[in-house]
Amino acid sequence: MTYRVHTVLYDGVEDQDFIGPITALGVVDDVQHSFVTVDGPGTVTTTAGLEITVRTPWSPDRADLIVVPGGGYGEGSPVQEQIRRGTVPRALTAARRPGLILAATCTGTLLLAAAGITTGRPCTTHHIAENDLREQGAIVVGARVVDDGDLVTSAGVTSGIDLGLWLVERLFGPETAAFAEEVLEHERRSDVWEVNRDGDRGRTTRYDPVAEVPPVHDGDEPSTTEGVTFVNAIELPAERIDEFVQQWRARAALMRTAPGFRDVRLHRAILPDARFQLVNIAHWDSAEACEAAGLHPTVVASVDEARTIATAHPALYRVAAEYF
């Protein structure tokens, strides 16, 4: 079955933003790629001065994946001009439908934000545009690629290659993605953040696991006290667990971007009569880092909302002893 990919172009689009993903996806024989513009067929001039003739009409109903590349950042940039004009954001809003994946590279995510697609959802963009994206209501995740189901975004410029390879893996399997890496002679960097469709985790770090707390050998005193563990035991009605988990995912996506973060997992009780149905365990470089992250206004607001359905028992711990 042919997988149809449409890449949205506009004058001033950044060349590498679209060349990376379409080159990676182009390794797969079953992928059919087309350039499109919301204004219909014509000629587009890229940032590098490359003139591309677009022959395919705007037809999102015939696409399985739409890729939105960036085009600079700030006042006067091509992306800002497209946002001001409004044609591309409106077309992207109207294009949404079940089964369609929208992907963006670099500041292309700002076009999705202008379309209202990133509001309340985990995503990423070039680091210089993160605050802008956050102010528009997105949950900015500090990862190279962020996969939130039908919304897949990547960070700056060359991350488009990693975006394309991740989509190859997701759509066609890890062996095909490994083959594409070999063809491109590109080694993927770490940090793919993925919302698991099975609902049991909100983050996956690939190729470069998060550093673990150093082991402590047996004895009366630990050999190191580096790092702290945050433990939060949560009491709540069984019928509110799924609701809480959704809130937790959004908080975890934000906390993950904070300095000093290591990892976090939310554990669910096996037995229904357990006092604590959920236990959140996170590792941080220091108590100060954990406390500072908890003071972020968005986190504070989310925690206040969570308190309406659950009773939490949070505390910080250091390793006292360990035997292995």
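**Exercise 1. Loop residues with unusual backbone angles**

In which loop does V157 lie? Determine also the phi and the accessibility of V157, and then treat E185 in the same manner.

*Solution.* The model under study is a predicted one.

Step 1. V157 belongs to the loop that runs between β10 (151-154) and α6 (159-172).

Step 2. The phi of V157 is positive, at about 45°, although V157 is not a glycine. Most residues other than glycine have a negative phi.

Step 3. The relative accessible area of V157 is 28%. Because buried means under 20% and exposed means over 50%, V157 is classed as partly exposed.

Step 4. E185 is placed in the loop between α7 (174-184) and β11 (192-194). E185, a residue other than glycine, also shows a positive phi, near 50°. With a relative accessible area of 76%, E185 is exposed.

**Exercise 2. The surroundings of T37**

Locate T37, state whether it is buried or exposed, and list its contacts.

*Solution.*

Step 1. T37 sits in the loop that separates β2 (31-36) from β3 (42-45).

Step 2. Its relative accessibility is 7%, so T37 counts as buried.

Step 3. The side chain of T37 comes to 2.5 Å from the backbone oxygen of G40.

Step 4. When neighbours within four places in sequence are set aside, T37 is in contact with L9, V44, V54 and W58.

**Exercise 3. The hairpin of β3 and β4**

Describe how β3 pairs with β4, and identify the residue of the hairpin that takes a positive phi.

*Solution.*

Step 1. β3 and β4 (residues 51-54) run antiparallel and are joined by four bridges.

Step 2. Across this pairing, G42 faces V54 of β4. V54 is also among the contacts of T37.

Step 3. Five residues stand between the two strands of the hairpin, and G49 adopts a positive phi near 90°.

**Exercise 4. Helix α1**

Compare the span of α1 with its expected value, and name its buried residues.

*Solution.*

Step 1. α1 covers residues 15-26, which is 12 residues.

Step 2. From the first C-alpha to the last, α1 reaches 16 Å, close to the 16 Å expected at 1.5 Å a residue.

Step 3. The buried residues in α1 are D15, D17, F18, G20, P21, I22, A24 and L25.

**Exercise 5. Aromatic rings**

How many aromatic pairs are there? Classify the pair of Y3 and F172 and that of F261 and W284, then examine F244.

*Solution.*

Step 1. The count of aromatic pairs is three.

Step 2. The ring centres of Y3 and F172 are 6.1 Å apart and the planes meet at 80°; the pair is therefore edge-to-face. This pair links distant parts of the chain, with Y3 in strand β1 (residues 3-8) and F172 in helix α6, 169 residues apart. Y3 is buried at a relative accessible area of 15%, whereas F172 is partly exposed at 25%.

Step 3. F261 and W284 make an edge-to-face pair, with 5.5 Å from centre to centre and 85° between the planes. Because F261 is in strand β13 (residues 261-268) and W284 in strand β14 (residues 278-284), the pair ties together parts 23 residues apart in sequence. Both residues are buried: F261 has a relative accessible area of 15%, and W284 one of 2%.

Step 4. The ring of F244 has the charged end of R251 over it, at 5.3 Å from the ring centre.

Note on methods: Residues are numbered from 1 along each chain as its sequence is written. This is a predicted model: local features need pLDDT of at least 70, side-chain atom pairs count only at pLDDT 80 or more; totals for chains, interfaces and linings use all residues. Side-chain values use heavy atoms; hydrogens and water are left out. Buried means under 20% relative accessible area, exposed over 50%, partly exposed in between (1.4 Å probe, protein chains only). A polar contact is a pair of N or O atoms within 3.5 Å; within protein, one must be able to donate a hydrogen and the other to accept it, and residues adjacent in sequence count only if both atoms are side-chain atoms. Contact means heavy atoms within 4.5 Å. Two strands pair if DSSP finds at least two bridges between them. The expected span of a helix is 1.5 Å times one less than its number of residues. Rings of Phe, Tyr and Trp (its six-membered ring) pair if their centres lie within 6.5 Å; planes under 30 degrees apart count as stacked, over 60 as edge-to-face and the rest as tilted. A charge sits over a ring if NZ of Lys or CZ of Arg is within 6 Å of the ring centre and within 35 degrees of the ring normal.
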